[in-house]
Amino acid sequence: MTRRLKEIIIKRIFFLFACVSILILGLIVTFLFREGIPIFRIVSVPDFLLGGEWYPTFDPPAFGIWPLIVGSFIVTFFSTLIAVPLGVLSAVYISEVAPRPLKEVLKPLIELLAGIPSVVLGFFGMVVLAPWLQDTFDLPTGLNIVNASLMLALMAIPTISSIAEDALYTVPREFKEASYALGATKSETILKVIIPSALSGISTAVILGMARAIGETMVVLMVAGGAAAIPESLFDSVRPMPASIAAEMGEAPFRSEHYHALFATGIVLFLLTLAFNLIADYVSHKFKEVGSGTL
Amino acid sequence: MEDNRVIKTKDVNFYYGKFRALTDISMDFEKNRVTALIGPSGCGKSTLLRLLNRMNDLIDGTRVEGEVLFEGKNIYDPEVDPVEIRRRIGMVFQKPNPFPKSIFSNITYGPRLAGLSDRVELEALAEQSLKQAVLWDEVKDILGQSAMMLSGGQQQRLCIARALAMKPDVLLMDEPTSALDPISTAKIEELIQDLKRQYTIIIVTHNMQQAARISDKTGFFYIGKLIEYSATEKIFTRPDVKQTEDYITGRFG
Ligand SMILES: Nc1ncnc2c1ncn2[C@@H]1O[C@H](COP(=O)(O)OP(=O)(O)OP(=O)(O)O)[C@@H](O)[C@H]1O
Ligand SMILES: [Mg+2]
């Protein structure tokens with residue numbers, strides 16, 4: 001009787017805590033939408049999303065965030081391009097190739113990389129990488145897509161590497177043994193058995209790494225250059241959504257049009273990261289159900 | 001006849017780190033015979049089996065002393081490529097372990113790596129191997145489906161077919177029926193009887209009747225030592241060593 005009562009009370013308490021976090025999330029989302037939606041009384045949704053001009057403080061102002069969306073996607077795309085091979089290969093190296101002692105050094109090192117505050121990375125990009133880029137390629141500014149992509153890649157690599165490594169780690173030993181017993185070499189086993197078996201986990205890692213890159217604020221604020229225009233080359237500056245919000249929120253008068261427009265940008269960002277997470281979730285489940293399917 | 005002994009081990013000691021798992025094993029395995037390895041759990045049967053195709057190489061900190069001769073050549077010689085050895089000495093594991101790939105890809109995995117790429121040849125090979133493993137009729141229409149969909153017994157026969165597709169000389173089987181129902185077990189035993197015409201088979205089993213039914217020679221192991229090794233009939237009717245008799249009759253203390 002008392003034991004059952006205890007059981008019930010404990011369950012309730014856990015339920016309550018779960019509710020609190022969901023409630024807070026709900027409040028934030030509600031707030032985000034309440035503050036963002038009023039902008040659509042002034043511009044239509046398509047004009048907002050696809051409009052090419054972002055002049056929020058001009059008279060009359062222009063609230064088109066297309067350059068910001070493009071900026072976000074472009075730095076995310078290039079950082080992914082850099083981070084995926086590095087992250088996945090380092091995961092493969094750590095989990096399958098490196099001898100035990102080296103593994104024990106490398107793993108925490110990569111995790112340490114995840115612990116570097118983004119402002120420090122941004123600082124590095126500004127003070128070291130930017131001048132170097134500027135001098136080497138003779139550019140007007142070193143704060144550009146290349147710089148931002150490299151810094152974001154540095155942030156995404158540990159995310160991708162550690163999740164991919166977990167996925168590789170869970171590949172059953174039996175698969176590897178079966179492969180070796182059939183006369184496969186180590187690299188053949190890695191390429192044809194281990195990586196395909198861990199593919200859903202690796203995809204999840206990649207998508208979460210991308211989500212990390214697209215939502216990252218400090219780095220892009222510091223090194224992307226801040227030009228709200230569609231870039232024409234990799235050395236052009238861009239103004240990804242988070243950078244725009246962070247830079248302008250301080251100056252936008254409370255509940256002004258500019259303020260609402262920034263919140264609406266926040267909604268777009270939120271929906272994008274949500275989509276990334278849902279895709280990651282879907283990918284990791286989809287492959288699991290069919291026993292990794294017929295790869 | 002000297003020629004008949006495909007694999008010979010000479011004074012083999014095997015260590016996992018500091019732990020000696022096998023002591024002074026000298027044993028000959030004859031061509032086209034089924035040799036059974038029996039003994040209580042932990043006595044080193046799997047270790048010996050994995051020693052014969054260098055699967056133990058994959059475990060860190062292991063060490064081999066002595067020689068394992070395959071067709072007269074020491075497979076632990078530094079210049080021998082373990083990959084080559086594993087292509088010629090196939091292995092079937094205790095737990096069915098098909099790859100999470102299609103049935104067809106499972107069978108053709110090894111031959112493809114070995115350089116066979118002609119689709120027609122691969123298909124013929126798959127059919128032949130699956131027929132040998134008595135699985136063809138059950139899967140011939142679903143070759144493209146994931147091997148994970150098969151039952152445990154079917155999966156194990158697929159693993160046998162996969163090993164046979166490499167056309168090995170020797171087939172090592174580590175308790176291949178321990179996870180299976182009696183019907184699948186009977187099928188695999190029958191299969192082993194058929195296969196010995198072409199292959200040399202070394203099988204680990206905990207099932208005394210199985211050893212008695214299918215093997216020609218039996219070796220009894222106890223704590224890393226080969227206690228008695230002779231014709232199966234002799235081992236099961238009038239063993240020389242008391243320990244063997246105790247084990248076989250289930251009076252083991
Ligand atoms: N990877 C390993 N590392 C360290 N010791 C091991 C390892 N594998 C096996 N051993 C030890 O070696 C001894 C022999 O093990 P082995 O697996 O060969 O026994 P077995 O006869 O196959 O037993 P079973 O019938 O239970 O399969 C055991 O004492 C075991 O603890
Ligand atoms: Mg064993």
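The expected span of a helix is 1.5 Å times one less than its number of residues, and this rule gives a useful way into the structure above, which is a predicted model. Helix H3 of chain A, residues 66-97, has 32 residues and should therefore span 46 Å, and since its end C-alpha atoms are 44 Å apart, the expected and the actual value agree. That helix does change direction along its course, for H3(A) bends by about 30° at A:Ala83, and a proline, A:Pro85, follows within four residues of that point.

With this helix in view, the rest of chain A can be placed around it. The secondary structure of chain A comes to 12 helices and 2 strands, and if you follow the sequence from its beginning you meet two helices, then the two strands, and after them a run of helices, in the pattern α-α-β-β-α-α-α-α-α-α-α-α-α-α. The C-alpha trace of chain A spans about 75 × 70 × 35 Å along its principal axes. Between strand S1 (54-55) and strand S2 (62-63) of chain A there is a loop that contains A:Pro60, and the peptide bond that leads from A:Asp59 into A:Pro60 is cis, with omega near 0°.

Side chains of opposite charge can pair when their charged atoms come close. Over all chains the structure holds 27 salt bridges, and one of them joins A:Glu35 to A:Arg255, whose closest N and O atoms are 2.7 Å apart. This pair links distant parts of the chain, because A:Glu35 belongs to helix H1 (residues 2-36) while A:Arg255 sits in the loop between helix H11 (241-249) and helix H12 (257-289), 220 residues apart.

Chain B can be approached through its backbone. B:Asp24, in strand S2 (residues 19-30) of chain B, has a positive phi of about 45° although it is not a glycine. B:Arg54, which lies in the loop between helix H1 (45-52) and strand S4 (62-70) of chain B, is likewise a residue other than glycine with a positive phi, here near 60°.

Where the two chains meet, 27 residues of chain B are in contact with 23 residues of chain A. Together the chains bury about 2,100 Å², and 63% of this area is on carbon and sulfur atoms. On the side of chain B, the residues B:Pro100, B:Tyr109 and B:Leu113 supply 27% of the area buried against chain A, more than any other three residues.

Charged and polar groups also take part in this interface, across which there are 3 salt bridges. One salt bridge between the chains brings together the side chains of B:Lys95 and A:Glu174, at 3.6 Å from N to O, and the count of residue pairs in polar contact between chain B and chain A is 5. Several elements of chain B contribute to the side that touches chain A, for helix H2 (82-88), strand S6 (89-92), helix H3 (103-113) and helix H6 (152-164) each supply at least two of its residues. Sorted by class, that side of chain B has 14 nonpolar, 6 polar and 7 charged residues.

How values were computed:
Residues are numbered from 1 along each chain as its sequence is written. Chains are lettered from A and ligands numbered from 1 in the order in which they are written. This is a predicted model: local features need pLDDT of at least 70, side-chain atom pairs count only at pLDDT 80 or more; totals for chains, interfaces and linings use all residues. Side-chain values use heavy atoms; hydrogens and water are left out. Contact means heavy atoms within 4.5 Å. Buried area is the accessible area (1.4 Å probe) that two parts lose on being put together, summed over both. A salt bridge is a side-chain nitrogen of Lys or Arg within 4 Å of a carboxyl oxygen of Asp or Glu. A polar contact is a pair of N or O atoms within 3.5 Å; within protein, one must be able to donate a hydrogen and the other to accept it, and residues adjacent in sequence count only if both atoms are side-chain atoms. Ala, Val, Leu, Ile, Met, Phe, Trp, Tyr, Cys and Pro count as nonpolar, Asp, Glu, Lys and Arg as charged, and the others, Gly among them, as polar. The bend at a residue is the angle between axes fitted to the seven residues ending there and the seven starting there.
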